[in-house]
Amino acid sequence: MCEDNIPVGAVHVWDEEDSEAERESRLVYRKGITHAQAVECYATWSTKYEKDMCPGRYKGPMIAGKAVADYFESDREKKKILDIGAGTGFVAEQLKSHGFVHIDALEPSSRMLLRAQKKGLYEECYNEYLCQVPLAIPNDTYDCAVTSGGMGEGHIPCSGILELIRIVKPGGIICIVMREVYLREVDEYKDRLEPLMDSLEKEGKWRKVSRVIVPNYFIDITGIVFRYRVI
Ligand SMILES: C[S@@+](CC[C@H](N)C(=O)[O-])C[C@H]1O[C@@H](n2cnc3c(N)ncnc32)[C@H](O)[C@@H]1O
């Protein structure tokens, strides 16, 4: 079912295409997958990613775009945003529809990134992973770093959060949209991600703006949206 006007909260009956999309996503987020294997899977999936993850089925980009837009009520055209795990550019499409202009992409899969680049959505594109290794991006570069779908098994590790705080300016925000169940099911995040977020808040590195559970993030699977203001 790929209509994008299904009301949030409506009961959704899965069809064969939903099941196919879920099968593909289960492959890229499967237990024990390495970063390199995940990127390999995206290379294969890139040809039909947009069909499987169409807006009626995968609302992460729409949710992320709105979460960022709600924070920046004015001067959106002046804000500099990094789209982490940019994929084929769905989040940037949403950001543009809200009036953001200056968007860069960070995406380790060159096949996914190529598709995004063809759309002309991004200024700079970094074909890299977000992890504990420092990015070639100076401190305090962005007003916002956002990811939708970038968190999961074999995807962005907890250590990536520190790098995000480094490259986002004080007063800017970090917005993370992900499957809620991954907080418990992914070993990298279980009892680690939210405790890390809390300890960074206690250390005065950032302050929580909101933590919101969203129904139907992907088909009828629940998502979660974190927004933190960098201090
Ligand atoms: C489910 S896709 C989401 C793509 C896009 N944000 C969207 O919402 O359609 C997840 C993306 O995260 C990327 N990714 C995986 N590990 C990553 C990492 N460590 N750092 C940055 N991106 C990563 C993948 O290559 C993939 O393109």
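**Buried and exposed residues and the ligand site of a predicted model**

Cysteine 158 is buried, at a relative accessible area of 4%; buried means under 20% relative accessible area, exposed over 50%, and partly exposed in between, for a 1.4 Å probe and protein chains only. The structure is a predicted model, in which local features need pLDDT of at least 70 and side-chain atom pairs count only at pLDDT 80 or more, while totals for chains, interfaces and linings use all residues. Residues are numbered from 1 along each chain as its sequence is written, and side-chain values use heavy atoms, with hydrogens and water left out.

Cysteine 158 is placed in the loop between strand 4 (142–148) and helix 7 (160–167). Helices (H or I, at least four residues) and strands (E, at least two) are DSSP runs, numbered from the N terminus. Although cysteine 158 and leucine 193 are 35 residues apart along the chain, their C-alpha atoms are separated by 6.0 Å.

A second cysteine, cysteine 54, occupies the loop between helix 3 (49–52) and helix 4 (60–71). Cysteine 54 is buried, with a relative accessible area of 7%. Its C-alpha atom lies 9.9 Å from that of phenylalanine 218, and the two residues are 164 residues apart in sequence.

The ligand is surrounded by 21 residues, of which the closest are Tyr49, Tyr58, Gly85, Glu107 and Leu130; a residue is counted here if one of its heavy atoms lies within 4 Å of the molecule. This shell divides into 13 nonpolar residues, seven polar and one charged. In this division, Ala, Val, Leu, Ile, Met, Phe, Trp, Tyr, Cys and Pro count as nonpolar, Asp, Glu, Lys and Arg as charged, and the others, Gly among them, as polar.

Polar side-chain atoms of two residues approach oxygen atoms of the ligand: that of tyrosine 58 lies 2.6 Å from an oxygen atom, and that of glutamate 107 lies 2.6 Å from an oxygen atom. In serine 148, a backbone N or O atom lies 2.9 Å from a nitrogen atom of the ligand. Taken alone, the ligand exposes 590 Å², and the protein buries 99% of that; accessible areas come from the Shrake-Rupley method with a 1.4 Å probe, and for residues only the protein chains shown count as cover.

In helix 1 (residues 16–28), serine 25 is buried, with a relative accessible area of 1%. The side chain of serine 25 makes a polar contact with the side chain of glutamate 22, at 3.2 Å. A polar contact is a pair of N or O atoms within 3.5 Å; within protein, one must be able to donate a hydrogen and the other to accept it, and residues adjacent in sequence count only if both atoms are side-chain atoms. Arginine 23 is also placed in helix 1, and arginine 23 is partly exposed, with a relative accessible area of 39%. Between arginine 23 and aspartate 52, which are 29 residues apart in sequence, the C-alpha to C-alpha distance is 9.9 Å.

Backbone angles were also examined. Most residues other than glycine have a negative phi. Aspartate 191, however, has a positive phi near 55°. Aspartate 191 is found in the loop between helix 8 (182–185) and helix 9 (193–202) and counts as exposed, at 64% relative accessibility. Asparagine 216 likewise has a positive phi, of about 55°, although it is not a glycine. Asparagine 216 belongs to strand 6 (residues 206–218) and is buried, with a relative accessible area of 8%.
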